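Visitor: I have a structure to go through and a few questions about it. Could you take them one by one?

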Amino acid sequence: MLSARTIPAAKRDVLAVEDFERGEFEAVLELAARVKRGEIRGGLEGKILALVFLDPSLRTRASFEVAMALHGGKAIVIEPGRGSWPLEFEEGAVMDADRTEHLIETARVLGRYADALGVRSFARGDRWSEVRKDEVVRGFARHCDKPVINLESARRHPCQELADAMTLVEKLGDPRGKKFVLSWTWHPKALPTAVPASAALAAARLGMDVVIARPPGFDLDPEDAALVATTAGAAGGSLALSDDQDAACAGADAIYAKAWGGLDRFGDEREEAARRHAHRDWQILSRHVTSSRNAAGIVMHCLPVRRNVEIEDAVLDGPSSVVVDEAENRLHVQRALLLRLFGAA
């Protein structure tokens with residue numbers, strides 16, 4: 001997937017970590033640790049990264065801009081519909097409505113200006129069977145002749161996955177055989193499944209025993225759950241499912257709190273919201289930390305987090321919380337990713 005040689009001789013897109021070549025996951029984490037220690041400077045001089053944000057961002061935008069600056073490159077930000085033309089995504093569309101520019105020309109033109117593109121596009125549409133194809137980010141990859149990095153789509157968040165893995169290694173040492181709990185939490189909105197799926201995959205790649213705790217009706221996409229299971233098994237770990245949050249968190253080495261919407265009611269906002277509201281008590285509380293392994297399990301979240309909705313203040317501000325360290329690691333894994341992408345390390 002990633003290459004140590006200059007691109008685009010063989011264009012490499014970063015759409016999902018499972019597309020990486022053998023050993024690339026570990027290589028990126030090792031390089032991220034080196035850049036975090038300050039061992040590598042420069043390497044991206046003269047390089048331009050275009051960041052296309054179709055949805056809001058704080059950490060992703062800031063960390064990529066900082067990453068490029070730290071290594072001598074430059075990032076530019078495009079927000080279609082806010083300072084640039086609103087985009088049409090459907091191929092073959094008759095553009096006689098309010099969308100002025102097509103994804104095709106956007107991807108092709110930005111590929112002439114920049115050395116790589118990053119694209120963030122959350123779920124769009126009413127049918128999960130279509131949304132799950134991730135056609136927006138994949139459309140950019142098809143039509144741009146430069147590398148495209150997925151900055152979070154409906155299905156995957158590869159940069160968050162790498163940062164989560166880096167954090168687990170830093171905090172737990174060798175994570176193999178340790179218990180990782182991905183706990184669904186209530187949220188006033190039906191959020192995408194990209195982060196929870198990617199977080200579970202990060203733990204699975206590290207050989208952890210993954211437990212996904214969720215209420216009935218809030219399973220991940222079956223294909224994603226199957227990938228977590230096979231990935232964990234191949235690394236010496238396992239996957240289990242639970243509908244009991246308290247029981248799942250007992251003995252955990254890491255608890256990852258994350259909200260997501262019910263896919264079996266995707267597109268039916270009223271029914272999905274009613275089902276979600278019935279589980280408002282799903283929140284990470286001090287008792288979950290107390291019941292973790294030696295009462296010292298770490299608590300993770302990708303941020304932004306709804307305080308006292310997803311995780312209570314006492315946990316977020318307590319010694320078990322590693323959410324800020326986790327956010328910092330976004331910067332370092334992305335520095336490593338860019339250096340490898342441009343053949344600078």
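Visitor: How far is the sulfur of Cys159 from the closest cysteine sulfur?
Guide: This is a predicted model, so the answer is computed from its coordinates. The closest cysteine sulfur to that of Cys159 is in Cys302. A disulfide needs the two sulfurs within 2.5 Å. The gap is too far for a bond, at 13 Å.

Visitor: How many disulfides does that leave?
Guide: A disulfide is a covalent bond between the sulfur atoms of two cysteines. Seen from Cys302, the closest cysteine sulfur is that of Cys159, and it is too far for a bond. By the distance rule, the number of disulfides is 0.

Visitor: Is Cys302 buried or exposed?
Guide: Buried means under 20% relative accessible area. Cys159 meets that with 1%. Cys302 has 11%, so Cys302 too is buried.

Visitor: How is the aromatic pair of Trp184 and Phe218 arranged: stacked, tilted or edge-to-face?
Guide: The structure has 4 aromatic pairs. In the pair of Trp184 and Phe218, the ring centres are 4.7 Å apart and the planes make an angle of 50°. Stacked needs under 30 degrees and edge-to-face over 60. The pair of Trp184 and Phe218 is therefore neither, and counts as tilted.

Visitor: How many residues apart are Trp184 and Phe218?
Guide: Trp184 belongs to strand β7, residues 179-184. Phe218 sits in the loop between β8 and α8. Both are buried, Trp184 at 0% relative accessibility and Phe218 at 0% as well. The pair links distant parts of the chain, and the separation is 34 residues.

Visitor: Which parts of the chain does the pair of Trp184 and Trp282 tie together?
Guide: Trp184 and Trp282 pair edge-to-face, with 6.0 Å between centres and 80° between planes. Both residues are buried. They lie 98 residues apart in sequence, so the pair ties together strand β7 and the loop between α10 and α11.

Visitor: Which residues do ring pairs link into a cluster?
Guide: Trp184 pairs with Phe218. Trp184 also pairs with Trp282. The cluster is Trp184, Phe218 and Trp282.

Visitor: Which helix gives the most to the largest nonpolar core?
Guide: The largest nonpolar core holds 81 residues. Among those with the most contacts inside it are Ile149, Phe180 and Leu338. One helix, residues 323-341, gives 9 residues to this core, the most: α13.

Visitor: How many residues are in the second, separate core?
Guide: Ala50, Val52, Leu54 and Ala107 are included in it. This second core is separate, and its size is 17 residues.

Visitor: What does helix α1 pack against?
Guide: Helix α1 covers residues 24-36 and reaches 18 Å from first C-alpha to last, close to the expected span. Its buried residues include Phe25, Val28, Leu29, Ala32 and Val35. An α-helix has 3.6 residues a turn, so residues three or four places apart point the same way. The buried residues of α1 pack against α6, α7 and α13.

Visitor: Which residue lies over the face of Phe25?
Guide: Phe25 is one of the buried residues of α1. A charged side chain sits 5.9 Å from its ring centre. The residue is Arg205.

Visitor: How far apart in space are Glu272 and Gly217?
Guide: Glu272 is in helix α10. At 5% relative accessible area, Glu272 is buried. Among its contacts are Ala190, Phe218 and Arg265. Glu272 and Gly217 are 55 residues apart in sequence, but from C-alpha to C-alpha the distance is 9.3 Å.

Visitor: Which residues does a cis peptide bond join?
Guide: Most residues other than glycine have a negative phi, and most peptide bonds are trans. Here one bond has an omega of about 5°. Its proline sits in the loop between β11 and α12. The cis bond joins Leu303 and Pro304.

Visitor: What is the phi of Leu303?
Guide: Leu303 lies in the loop between β11 and α12. Leu303 is buried, with 18% relative accessible area. Although Leu303 is not a glycine, its phi is positive, at about 65°.

Visitor: What phi does Glu152 take?
Guide: Glu152 lies in the loop between β6 and α6. Its relative accessible area is 8%, so Glu152 is buried. Glu152 is not a glycine, yet its phi is positive, near 130°.

Note on methods:
Residues numbered from 1 in each chain as written. Predicted model: local features only at pLDDT ≥ 70, side-chain atom pairs only at ≥ 80, totals over all residues. Heavy atoms only, no water. Buried < 20%, exposed > 50% of the residue type's maximum accessible area, 1.4 Å probe, protein only. Phe/Tyr/Trp six-rings, centres within 6.5 Å; stacked < 30°, edge-to-face > 60°. Helix = DSSP H or I, 4+ residues; strand = E, 2+ residues; numbered from the N terminus. Lys NZ or Arg CZ within 6 Å of the ring centre and 35° of its normal. Core = buried A, V, L, I, M, F, W, Y, C linked by side-chain atoms within 4.5 Å. Expected span 1.5 Å × (residues − 1). Contact = heavy atoms within 4.5 Å.
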